[in-house]
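This note is addressed to a colleague who is meeting the structure for the first time. The points below may be read alongside the sequence and the model.

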Amino acid sequence: MAANDNEEPVMATELPVRNKQPRQQLTKGMEHMRAYVIVPEAPPAGEDAYGVPATYEPVRKPATTVASDENPQKRNDPFQFGTRYLEEGDDIFAHNAWDHVEVDAQYNDFIEQQTTFQRENQVSDFDKQRFNDKPEKWWDKFYGNNQANFFKDRKWLVQEFPVLGEVTKEGYGPVTVLEVGAGAGNTAFPLLAMNRNKDLKLHACDYSAKAIDVIRAQPAYTAQESPSVLQADVWDIAGQELPPGLIPGSVDLVLLIFIFSALSPDQWKQALNNVSSLLKPGGEVLFRDYGRGDLAQVRFKKGRYLDENFYVRGDGTRVYFFDEKELREIWSGEKTEDDGAAAAFEVRNLAVDRRMLVNRQRKLKMYRCWMQGQFRKPKECET
Ligand SMILES: C[S@@+](CC[C@H](N)C(=O)[O-])C[C@H]1O[C@@H](n2cnc3c(N)ncnc32)[C@H](O)[C@@H]1O
């Protein structure tokens, strides 16, 4: 799994495709006149980024009076998330990333066009069944093929979810954290490394047995003293059972980092009910996942659309892109299916994280969009 600068796993999709430009026609006899009669195209500002035309521009904020090089938020290092705003006059390619960047209205039209195209060229019914039936098999393949690219340092974890800093402090006391969709341990291992709380229990679960094998094979896992802090197990969040070693109402925090998007919408309800059952009243879900209109969604080509906002990547793994309103409805229990409601959570700090990542060398602008939130099981809730 390759990860970009500091964010979520970037899964293999398609190779970038460049739109062909129609050649401006001149008769042979007129060819010598080309330079006089054709308006020259403006030199491209950069390549198209994964099929997204380079001409789309980010919306800039008015310039502040502080000069860029004096503004600590604009320096490259150390870099605080969420504080580098693109202002009038800023050189886009002076930094690797800009925060809270919206794109001009043209870009929204482009997203619409792309979605229509994707919908019109969707996955065949035969293949839909192939990808939706036993989806863990595709993740097993993924973890079998990508052994070398795991383990990115996730410095943003504690910054975005300060409670993780608290529960890993020495003397915090007994606390149980469950990570679901733990993959190769990109979150679990950094937490284990920073932990100073001898009473922390960290459960890392994934429904891919191969992913759990990867975690269990790591020296940081095997070298743990007994009783171990980290326990890795195979578990399906949308299944009918609870994970090994955990009983209802025993978990303080559930981490869902880029896993909810791997579920199909008809699995959300069971997943929420399992999470609610496991959490103590007042316990919380820490959530980060793909947002609607993210580059990863926009760049999908033919034969990837499974359903509205739900796609299959080139490697057979599935991905959904969430919208803020929809996520709020899902977690607050407002979005009910015909066969009864899912557990309801208190929605806290739900936010859209838009960021423009920049490839400075190739002058590419990449518009990313993630959703982040915390969902709390109500205190008065029965387990
Ligand atoms: C995009 S990866 C993210 C992995 C990890 N959270 C990270 O951020 O590096 C999604 C993970 O969720 C797991 N997953 C998908 N559906 C699941 C389910 N129903 N139950 C448990 N794990 C699941 C996949 O096997 C995969 O490891």
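1. A nonpolar core is taken here as a set of buried Ala, Val, Leu, Ile, Met, Phe, Trp, Tyr and Cys residues joined through C-beta atoms within 7 Å. The model under discussion is predicted. Its largest nonpolar core holds 81 residues, and the members that touch the most others are Ala188, Leu202, Ile215, Val254 and Leu256. Strand β7, residues 251-257, supplies the largest share of this core, with six residues.

2. Leucine 202, one of those core members, may serve as an example. Apart from neighbours within four places in sequence, leucine 202 is in contact with Val177, Ala188, Leu191, Leu192, Val229 and Leu230.

3. Strand β7 also has a partner in β8. The two strands run parallel and are joined by six bridges, and isoleucine 257 stands opposite arginine 288 in β8. Together with helix α10 (residues 268-278), β7 and β8 form a right-handed β-α-β unit.

4. Is strand β8 largely enclosed by the rest of the structure, or is it not? Nine of the twelve residues in β8 (residues 279-290) are buried, so this strand is largely enclosed. Strand β8 also pairs with β13 (residues 364-376), in the antiparallel sense and over seven bridges. In that pairing, valine 285 stands opposite phenylalanine 375 in β13.

5. The surroundings of the ligand deserve separate attention. The ligand is surrounded by 21 residues, of which the closest are Trp139, Gly181, Gly183, Tyr207 and Ala262. By class, this shell comprises 13 nonpolar, five polar and three charged residues.

6. Some backbone features should be checked against a general expectation: most residues other than glycine have a negative phi, and most peptide bonds are trans. Phenylalanine 258 has a positive phi of about 55° although it is not a glycine. This phenylalanine lies in the loop between β7 and α10. Because 21 other C-beta atoms lie within 10 Å of phenylalanine 258, and 20 or more suffice, the residue counts as buried.

7. Asparagine 309, likewise not a glycine, has a positive phi near 65°. Asparagine 309 is placed in the loop between β9 (305-307) and β10 (310-312), and it is buried, with 20 other C-beta atoms within 10 Å.

8. Finally, the peptide bond from serine 226 to proline 227 is cis, with omega near -5°. Proline 227 belongs to the loop between α9 (219-222) and β6 (230-234).

Conventions: Residues numbered from 1 in each chain as written. Predicted model: local features only at pLDDT ≥ 70, side-chain atom pairs only at ≥ 80, totals over all residues. Near = placed C-beta within 6 Å. Nonpolar A, V, L, I, M, F, W, Y, C, P; charged D, E, K, R; others polar. Helix = DSSP H or I, 4+ residues; strand = E, 2+ residues; numbered from the N terminus. Contact = placed C-beta atoms within 7 Å. Pairing = 2+ DSSP bridges. Right-handed = clockwise from strand over helix to strand, strands pointing away.
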